[in-house]
Amino acid sequence: MQRSRLAAWMVFAGVLLLLASSGLIASFVSDWEQANGAHGVQQLTVNVDPSAARASPVGSAERAGLTLKDAELLTKKWAPLPIAYTAREQTRAVYGAAKLNTDVYGVNGAYTDFNEMKLKAGASFGRNSVEEHSRVAIVSNTVAQQLFRANLVVGKTIDLFGVNFTVIGVFDDEGSLLRQMSNDGSPNVLIPVTTLFDVQPNAVIETIQMAGKSNAVDGGESQVREALRAIAHNPSQFNIVNHELAYTRMTQWRFIQLFVCGMIAIFLLVRLMVRQLSVMQTVLRSRLTRDNWTDVLIHERKALLLITLAILGMAACIMALWIGIRFHLYIPLEWVPEQIIDVSFYMEKLIGLWQQEAAQMGYVPSPQELLTDAANHLTGRLFIAGMLFGLPLFMLGARLWALERVPVYAQLQRVFIYVPAAAVIIFAIAQWAGLSYQIEPLDYAVVGALCTVAMIHFNPSEGVEFSYAQTHS
């Protein structure tokens, strides 16, 4: 009894982890895509790498980045697609006796097209505010609470860089678990970029967000490098993040998990089909020792018909599963060796990654990069939880149920209770994390098919095999 309960808990934990893995991966990816604003994943983020700029032969002691004129020139080169650019400076925000050290982001009018901003009060500034060098600011809810100790702050004046700015809006910076895990994944104070250069002439534009072209997955980075060269800037001094490519990589985790689960179910179905054919062959041989083919077909027609229908049904399930789980695996061209087996190629790649990570120590990522990194880490860990823990737990639990001789119908009854129970738990987790519930019907179908086939496969005496004694009786 205790082993049967242990098996039940293992099966439930496995189902929960499998569904939570695929569902929460989709939820986090959707939340990250929404955080990218109206352009979604169709964009590229370009961030200055100060260490690369200093290592450049023409590097200087000055801060690396773009001037306002450079950014305007880059906007013309990238037209008709839009560009958002950001300059960041640290200062002390002052309101009366209250003082707060904060990061101030100078942005252009297209900023909100590339970054989601949920305003709690007031309004955002547009292109007119940038062109007119308006001294207006939008502050985060956290800054409003710490500086003003109030929510109604629109219209109040704060001191930034020794200059007065009027607060015209307050935005929510708490957001979902993804934003919280990205540390500084959202700005504190936003002002027009032209105004920032007025009060801080030595400021530089460090982050550029560029709307992606149609072939951004394969050629986005090269297009950005060409645009940077066109304005006389060295592309090696910038770190380029292709959001569409990042989206492809993150969503692949869910597809790979569904593919593995589906292929296991297909393998078990093939074994069940072979088992049925073996039973059919054994019975036909036994009958043919006494009767001719005509008598055998007459006497065994019901059993043969049932076996044929079972095999056809399993074949249909295999086809449906294959159609549902197949996908195009994306592998970057730089990770494809000229020879199929080339150990030195992969060793060089791994060493290069290690050297790149060491070289980027001290690199200050942009908020967009922080969000992307957080989404990458979360989706990768969820995939590991589903594949390394969920799937083995379920398979071991199903096998233990079979060893304890729990009837198949009882196993299936419990599983079909576990699936909706797991869905409720995942929904609660998604709500707690501030995410939308994103489990697709395909996830339920693949996990349900795996559960059903595994239960039947591990219990051959109670599965789809037919009792010829009962058929004859």
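# A tour from Glu116 outward

Select Glu116: at 24% relative accessibility, this residue counts as partly exposed. The model on screen is predicted, and the stops below follow side chains, strands and surface in turn.

**Stop 1: Salt bridges**

Keep Glu116 selected and add Arg179; their side chains meet in a salt bridge, with 3.5 Å from N to O. This pair links distant parts of the chain, since Arg179 sits in helix α7 (residues 177–181) and Glu116 in the loop between α4 and β4 (119–122), 63 residues apart. Is Arg179 buried or exposed? Its relative accessibility is 17%, so Arg179 counts as buried, the cut-off being under 20%.

Next, select Arg127 and Asp113, whose side chains form a salt bridge at 3.9 Å, N to O. Here too distant parts of the chain are linked: Arg127 belongs to helix α5 (residues 127–131) and Asp113 to helix α4 (residues 111–114), with their positions 14 residues apart in sequence. Arg127 is partly exposed at 47% relative accessibility, and Asp113 is partly exposed as well, at 26%.

Now move to Asp443 and Arg254. The side chains of these two residues make a salt bridge of 2.8 Å, N to O. Which helices does this pair link? Asp443 is in helix α16 and Arg254 in helix α10, 189 residues apart. Asp443 is buried, with a relative accessible area of 0%, and Arg254 is buried at 10%. A search of the whole structure finds four salt bridges; the three visited here are among them.

**Stop 2: Aromatic pairs**

Stay on helix α10 and turn to the aromatic rings. Over the whole structure, a search finds eight aromatic pairs. Select Trp253 and Phe383: their ring centres are 4.7 Å apart and their planes stand at 35 degrees, so the pair is tilted. Trp253 is in helix α10 (residues 243–288) and Phe383 in helix α14 (residues 367–403), so the contact between the rings ties together parts that are 130 residues apart in sequence. Trp253 is partly exposed, at 30% relative accessible area, while Phe383 is buried at 14%.

Then select Phe427 and Tyr437, an edge-to-face pair with 5.5 Å between the centres and 75 degrees between the planes. Phe427 lies in helix α15 (residues 408–432) and Tyr437 in the loop between α15 and α16 (441–457), so this pair ties together parts that are ten residues apart in sequence. Phe427 is partly exposed at 40% relative accessibility, and Tyr437 is partly exposed at 30%.

**Stop 3: An aromatic cluster and a surface patch**

Select Phe255, Phe259, Trp322 and Phe327, which form one aromatic cluster. Keep Trp322 and switch to a surface view. Together with Met263, Met319 and Ile323, Trp322 makes a nonpolar surface patch of about 390 Å². Which helix gives the largest share of the patch? Helix α12 (residues 301–325) does, with three residues; Met319 is found in this helix.

**Stop 4: Strand β5**

Select β5 (residues 136–140), where five of the five residues are buried. Both faces of the strand are covered: Val136, Ile138 and Ser140 are buried on one side, and Ala137 and Val139 on the other. What are its neighbours in the sheet? Strand β7 (residues 163–171) runs parallel to β5 and is joined to it by five bridges; Val139 stands opposite Val170 of β7. Strand β8 (residues 189–192) runs antiparallel to β5, with two bridges between them. Ile138 has Leu190 as its bridge partner in β8.

**Stop 5: Pro82**

Select Pro82, in the loop between α3 (68–78) and β2 (83–95). This residue is partly exposed, with a relative accessible area of 27%. Which residues does Pro82 touch, beyond those up to four places away in sequence? They are His39, Phe114, Gln209, Met210 and Ala211. Measure from C-alpha to C-alpha between Pro82 and Met210: the two are 6.4 Å apart in space and 128 residues apart in sequence.

**Last view: the whole chain**

Zoom out to the full model. The protein's secondary structure comes to 17 helices and ten strands. Of its 473 residues, 49% are buried. The accessible surface is about 24000 Å², and carbon and sulfur atoms account for 58% of that area. Among contacts with a separation of 6 or more, 81% are between residues 24 or more positions apart.

Note on methods: Residues numbered from 1 in each chain as written. Predicted model: local features only at pLDDT ≥ 70, side-chain atom pairs only at ≥ 80, totals over all residues. Heavy atoms only, no water. Phe/Tyr/Trp six-rings, centres within 6.5 Å; stacked < 30°, edge-to-face > 60°. Helix = DSSP H or I, 4+ residues; strand = E, 2+ residues; numbered from the N terminus. Buried < 20%, exposed > 50% of the residue type's maximum accessible area, 1.4 Å probe, protein only. Patch = residues over 30% accessible without salt bridge, like charges linked within 9 Å, V, L, I, M, F, W, Y side chains within 5 Å. Areas by Shrake-Rupley, 256 points an atom, 1.4 Å probe, with all protein chains shown as cover. Contact = heavy atoms within 4.5 Å. Pairing = 2+ DSSP bridges.
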